[in-house]
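Work through the exercises below with the sequence and the coordinates open. Each task is followed by a solution in steps.

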Amino acid sequence: MPRTDFGPPHYMEMLPPVIKRNYGRWKYHEILRPGVLKHVAESGEEIYSIRVGSPRLVSTDFIREVCDLADKYCDGYVRFTSRHNIEFLVTKKENIEPLIQEVKAKGWPVGGTGNCLSNMVHTQGWIHCHTPATDASGIVKAVMDELYEYFVEEKLPAKLRISLACCLNMCGAVHCSDIAILGVHRTPPRVDHELLAKVSEIPTVVASCPTGAIRPNPKLKSVEVNEERCMYCGNCFTMSPAMQIMDPENDGVSIWVGGKVSNARTAPMFSRLAIPYLPNNPPRWPEVVEAVKKLVEVWATHARKGERMGEWIERIGWETFFKLADIPFTDKHIDDFIFSVPTFRTTTQFRW
Amino acid sequence: MANAQTPRVDELEKGPWPSFVKEIKRAAEKHPSAGDLLRQLDLSYAEKIGHWKHGGIVGVKGYGGGVIGRYSDKPEEFPHVKEFHTMRINQPSGWFYTTEALRKLCDIWDKYGSGLTNFHGSTGDIILLGTTTGNLQPCFDELSDAGFDLGGSGGGLRTPSACVGPARCEFSCIDTLDVCHSLTLEFQDFLHRPQWPYKFKIKVSGCANDCVASIARADFAIIGTWKGAIQIDQAAVADYADAGLNIQEEVVEKCPTGALAWDGEKKELKLKAEDCVRCMHCINKMPKALRPGEQRGATLLVGGKATILKSAFLGWVIVPFMELKPPYTELKDLLRRIFDWWDENGKNRERIGELIYRVGMRTFLKAVGLPPVPQMVFRPRANPYVFWWPEEVKRNA
């Protein structure tokens, strides 16, 4: 019997000696150039972090390559960031340049710091999920290819966080991103009555629906869906395989803008709907890539220095945003679920 | 031959950003399952639909979670991904590693799995992507010998995560790595044997920049903060001004409460400490010159979550300030009271935030013994439907 319940490795075992020596006693940092951070401790000791973009879905051989570089330049230590980047931790200044050259030779991008686009937080998509409305890794690759320059060069008004979740379950919790790409279903679940009777408890399936659109069908020992009330969240499908929600004709992608999690300047904000639907068009999702690029460019053109996308939009007003971004405003943009009321305008103040 | 079989996904080998398709092909050189994964993905690209069956419960001895069962719905076509389960491995706090530990993980995963990983999953775990039911136990046995434990899944505590914190950030007001590690060890039973209405996420950020997005993504967010005035080194402020930073425009005018003033002649930054809301903006702009105040602790928020089911919530402040010193007894006791109340009152698949929304914040606060304070709300209620507790009014005979 193996050991159980011993928890993760203790973080102290994983820290480079320079970090152990200066733990909790860092004084300040500077961004030397995109992807290169310098932290200075009270003791005067320095550590350089080289931030490298990764596809997140990587092979063991990729990790070994990372280890080879960390052994050569970082005394055998490396870390990852909350947005799937790799950070090589260098103590000898003379190691920075050769490390970056080797990283670049492998085709890995150095960047993602300061007013750059960071790596995209994302989910599994068709690679490994059972409820997705779209793929994840493919769109991320296509978007990052197109926006590559913004990762490796610092030329945006503020930091830019783009995230992707392949359905409303939002394993990627994208709902507070500058730009969120969210897979959406658009048709009610198709009930497989025979299967449902066999594998699911009817009260559980009925209770799973946030709009009360599911009611029992005792005759069939199954359920039926009031299609007018269904908002395609897929929660019933998570509860029962007999409520198939995936629909290749109608599933696709929505785009949300203006969210942030940081409290800096303005309070954290949700991302809000910009584009309700774009088709799944693998392998490169050209409509999605173009829409995201346009959003980045319209923000970069109009925002003031230091303004996150949501801060810019709140300053100019959403009505101006839709005009500048050239995005049609539709009934889909007006909330009709339980927290809709505070989003309705209750003042005569607005822009033309 | 793989090239001829996956024309659609092969397109994603091109372009400047590192390619996950190349990674899958590298793994496929050693692991037939990675090859079948890519072929199945190519079929998904052709048909615009996923090809994984719904759910499936698998696991390892002694644990109720940490493994996600996954089965192909085209097992005849792609026999090597007939079973393709994920193992979630609890990452060390802050995602620091020795190469020795990483190489050990890689060797074990090459022996038992597909050779494919996520560094990391969006909750923070190391994701080992794809193995068979039969390989789960021997794989875990070796991981356990190597010092790696399972992370969370299902209706229980999910793997807590923390920002880089005091390990490499001068902003951190709390020891995020230690808080995260200590809570993980304390509540392992809830992590490894899911027993709650739904998932519960804990994330620890060292300051209000919130680099682990705890306010958006964690049912319980711990965010470092301070009391007292920001510490200012006026000489260093002057250095920033001399180096070309427009302190008036980029710092003072961005202060959300107008707590800062800049005297350009004297090169002096003035702070009205009582107006500062600790947003971090000025400190972010001038880390050499400004530091958080000296009395450090954390703000605690509850209820953050993504959309499913009743809409997304940002975390709500329930404790404006708590000092966090090991062994974090006050924090752990509060968490235990929250877990108990939610476990007792939550419906199936009801997150803690949704339960609070359903029964009212006052009920939650009373149940877990927290005093109501104005920091909990932006503004007090406008609606006059005020509930009174029975003991607060005289009963009519």
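**Exercise 1. Locate S208(A) and decide whether S208(A) is buried or exposed.**

Step 1. S208(A) sits in the loop that joins α7 (202-207) to β10 (214-217) in chain A. Helices (H or I, at least four residues) and strands (E, at least two) are DSSP runs, numbered from the N terminus.

Step 2. S208(A) counts as buried because its relative accessibility is 5%. The cut-offs are under 20% relative accessible area for buried, over 50% for exposed, and partly exposed in between, with a 1.4 Å probe and protein chains only.

Step 3. Leaving out residues up to four places away in sequence, S208(A) touches I214(A), N235(A), C236(A) and M239(A), and also L309(B) of the other chain. Contact here means heavy atoms within 4.5 Å.

Step 4. F237(A) is 29 residues away along the chain, and its C-alpha atom is 9.1 Å from that of S208(A).

The model is predicted: local features need pLDDT of at least 70 and side-chain atom pairs count only at pLDDT 80 or more, while totals for chains, interfaces and linings use all residues. Residues are numbered from 1 along each chain as its sequence is written, chains are lettered from A and ligands numbered from 1 in the order in which they are written, and side-chain values use heavy atoms, with hydrogens and water left out.

**Exercise 2. Describe chain A as a whole: how many helices and strands does it have, and what share of its residues count as buried?**

Step 1. Chain A has 11 helices and 14 strands.

Step 2. Along the principal axes, the C-alpha atoms of chain A fill a box of roughly 75 × 70 × 35 Å.

Step 3. Chain A has 352 residues, and 60% of them count as buried.

Step 4. Take the contacts in chain A with a separation of 6 or more: 64% of these come from residues 24 or more positions apart.

Step 5. The exposed area of chain A is about 14,000 Å², with 52% supplied by carbon and sulfur atoms. Accessible areas come from the Shrake-Rupley method with a 1.4 Å probe; for residues, only the protein chains shown count as cover.

**Exercise 3. Characterise the interface: how many residues does each of chain A and chain B contribute, and how many salt bridges cross it?**

Step 1. Chain A contributes 114 residues to the contact and chain B contributes 114 residues.

Step 2. About 10,400 Å² is buried between chain A and chain B, and carbon and sulfur atoms give 61% of this area. Buried area is the accessible area (1.4 Å probe) that two parts lose on being put together, summed over both.

Step 3. W126(A), H128(A) and R265(A) supply 7% of the area that chain A buries against chain B, more than any other three residues.

Step 4. The rule finds 12 salt bridges across the interface of chain A and chain B. The rule asks for a side-chain nitrogen of Lys or Arg within 4 Å of a carboxyl oxygen of Asp or Glu.

Step 5. R64(A) forms a salt bridge with D110(B), and the closest N and O atoms are 2.7 Å apart. Helix α2 (residues 60-73) of chain A gives the most to the side of chain A that touches chain B, with 10 residues.

**Exercise 4. Examine the backbone: which peptide bonds ending at H120(B) and P327(B) are cis or trans, and what sign does phi take at D5(A) and D75(A)?**

Step 1. Most residues other than glycine have a negative phi, and most peptide bonds are trans.

Step 2. The bond from F119(B) to H120(B) is cis, with omega near 10°. H120(B) belongs to the loop between β4 (116-119) and β5 (126-131) of chain B.

Step 3. The bond from P326(B) to P327(B) is cis, with omega near 5°. P327(B) belongs to the loop between β14 (316-322) and α13 (329-345) of chain B.

Step 4. D5(A), not a glycine, has a positive phi of about 55°. D5(A) is in the segment before α1 (17-22) of chain A and is partly exposed, with a relative accessible area of 23%.

Step 5. D75(A), not a glycine, has a positive phi of about 55°; D75(A) is in the loop between α2 and β5 (77-80) of chain A.
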